[in-house]
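User: I am new to this structure and would like to know how the descriptions of it are reached. Could you show me the model and take my questions one at a time?

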Amino acid sequence: MTKKRTSMADIATHAGVSTATVSRVFNGVGQVSAPTRIKVLTAIDELGYDRPASSAPPSSPGIGVVVPELTNPVFSAFAHCLQVEIAHAGGIAMIRSQTPGATSEAEHISSLLAHGVDGLVFVSGRHADHLGDVSPYLDLAGRKVPFVTINGARPEIPAPDFSTGDALGIRAALAHLRELGHTRIALLGGRTHVVPARRKARAFRAAMAADFGQDDPVVVETFYTFEAAAAATPDLIAQDVSAIVTGSDLQALGAISALRAHGLRTPEDVSVIGFDDSFLIPHLGPPLTTVRQPVTAIVSSAVRALFEALANREPQSHADFTFTPDLVVRSSTGRAA
């Protein structure tokens, strides 16, 4: 048996298809459904074989993807999922990361347009900041370059937005804490000029007033980082809170670290809830109770809408699409002491 035949047999076994199907994918001939082709290409990648040269048609649309810093696991998750969904839709993702102090979003847009991208996806970018300049998005609309935004709807931007239901997540977190007997609850969230942070803060205040009778609950605004949350937590300890709801998993980890440094245990002394549920969160000590963003559903819908816009080339308009998150209960929450 030749090495080529053995290789194809290995790929076929791994993908759960016939060797004839693998051959059709390699040679670019015959009928192979899109899902089956993806299975074969995935098997090729996982087994370390080189893909066939014809696996990416020259007509594949280029899609620019601009995400925040990839040091935050949830943004890495969005970038990974976008790359996969864009590839499955027949495109090629060109991923750019907007890190503070480095290349700006506007500079990324100019570069991507210069590279001839056909469409763009923005994740938690300037569109999600009420202080952000929307003129680059208006310019894209004027150029008739299709784009979509994720997690940051602003009605003045003429494109659909696909976002996690922040208010739904906060209400679920507070309902869980109420069942556990907590009343001294704080929100450790982001700065409220950012759309998701504002939605979380509004939902928190409304739920604390309606369900706990507290018209002025403890709300702290800071950056979505481990360090910022750790620095803010001692003030919450001084206010004798029994539970902390955070705006991100990184903030939750910072809060737990600060609690531990002050001799407090999670959840025995203070319960903590995160927001995102990135892939390492279940493996922490303690495993974090958190609100899971429906990343796959958001990305799938956003990419589908973008490719529809590429196909019909009609003027885009603003629309909000909100996706329901899930509260994942683990070990960082317990009954109020």
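Analyst: Here is a predicted model, and what follows is a set of questions about the words used for its parts.

User: Thanks! What does the chain look like overall?

Analyst: The chain has 11 helices and 12 strands. Its C-alpha atoms fill a box of roughly 70 × 50 × 35 Å along the principal axes. Of its 337 residues, 47% are buried. The accessible surface comes to about 15700 Å², and carbon and sulfur atoms account for 53% of that. As for charge, there are 28 positive and 32 negative side chains, with the centres of the two sets 6 Å apart.

User: Which share of the contacts between residues at least 6 apart joins residues at least 24 apart in sequence?

Analyst: That share is 71%.

User: Let's pick one residue. Why is Ser163 called buried or exposed?

Analyst: The cut-off for buried is under 20% relative accessible area. Ser163 has a relative accessible area of 2%, so Ser163 is buried. This residue lies in strand S5.

User: What is in contact with Ser163, leaving aside its neighbours within four places in sequence?

Analyst: The contacts of Ser163 include Ile150, Asn151, Gly152 and Ala153, then Arg199 and Ile298, and also Phe321, Thr322 and Phe323. Take Ile150 as an example: Ile150 and Ser163 are 13 residues apart along the chain, and their C-alpha atoms are separated by 5.6 Å.

User: What makes strand S5 "mostly covered"?

Analyst: A count of its residues: S5 runs over residues 160-164, and 5 of its 5 residues are buried. In a regular strand, side chains alternate between the two faces of the sheet. In S5, one side carries Pro160, Phe162 and Thr164 and the other carries Asp161 and Ser163, with all of them buried.

User: How do you know which strands pair with S5?

Analyst: Pairing calls for at least two bridges between two strands. Strand S4 (residues 147-150) and S5 have 2 bridges, so with at least two required they count as paired. Strand S11 (residues 319-323) and S5 have 5 bridges, so they count as paired too. S4 pairs with S5 in the parallel sense, and S11 pairs with S5 in the parallel sense as well. To find these places in the model, look for Phe162 as the bridge partner of Ile150, and for Ala319 as the bridge partner of Pro160.

User: What else is known about the faces and partners of S4?

Analyst: Both faces of S4 are covered: Phe147 and Thr149 are buried on one side, and Val148 and Ile150 are buried on the other. S4 is also joined to strand S3 (residues 119-123) by 4 bridges, and these two run parallel. There, Val121 stands opposite Val148.

User: How do you know that the length of helix H10 agrees with its number of residues?

Analyst: H10 (residues 249-261) has 13 residues, and at 1.5 Å a residue it should span 18 Å; the C-alpha atoms at its ends are 18 Å apart, so the two agree. Its buried residues are Asp249, Gln251, Ala252, Gly254, Ala255, Ile256, Ala258 and Leu259. Among the elements covering them are helix H9 (226-238) and strands S6 (185-189), S8 (243-246), S9 (271-276) and S10 (289-292). After H10 comes Gly263, with a positive phi near 80°.

User: Where are the cis peptide bonds that involve Pro267 and Pro286?

Analyst: One runs from Thr266 to Pro267, with omega near 10°, and Pro267 is in the loop between H10 and S9. Another joins Gly285 and Pro286, with omega about 0°; Pro286 is in the loop between S9 and S10.

User: And why is Lys144 called exposed, but Asp240 partly exposed?

Analyst: Exposed means over 50%, and partly exposed is between 20% and that value. Lys144 has 66% relative accessibility, so Lys144 counts as exposed. Asp240 has 47%, so Asp240 counts as partly exposed. Lys144, a residue other than glycine, has a positive phi near 60°, and Asp240, also not glycine, has a positive phi near 60°. Lys144 is in the loop between helix H6 (135-142) and S4, while Asp240 is in the loop between H9 and S8.

Methods:
Residues are numbered from 1 along each chain as its sequence is written. Side-chain values use heavy atoms; hydrogens and water are left out. Buried means under 20% relative accessible area, exposed over 50%, partly exposed in between (1.4 Å probe, protein chains only). Contact means heavy atoms within 4.5 Å. Accessible areas come from the Shrake-Rupley method with a 1.4 Å probe; for residues, only the protein chains shown count as cover. Lys and Arg count as positive and Asp and Glu as negative; His and the chain ends are not counted. The place of a charge is taken as NZ of Lys, CZ of Arg, CG of Asp or CD of Glu. The expected span of a helix is 1.5 Å times one less than its number of residues.
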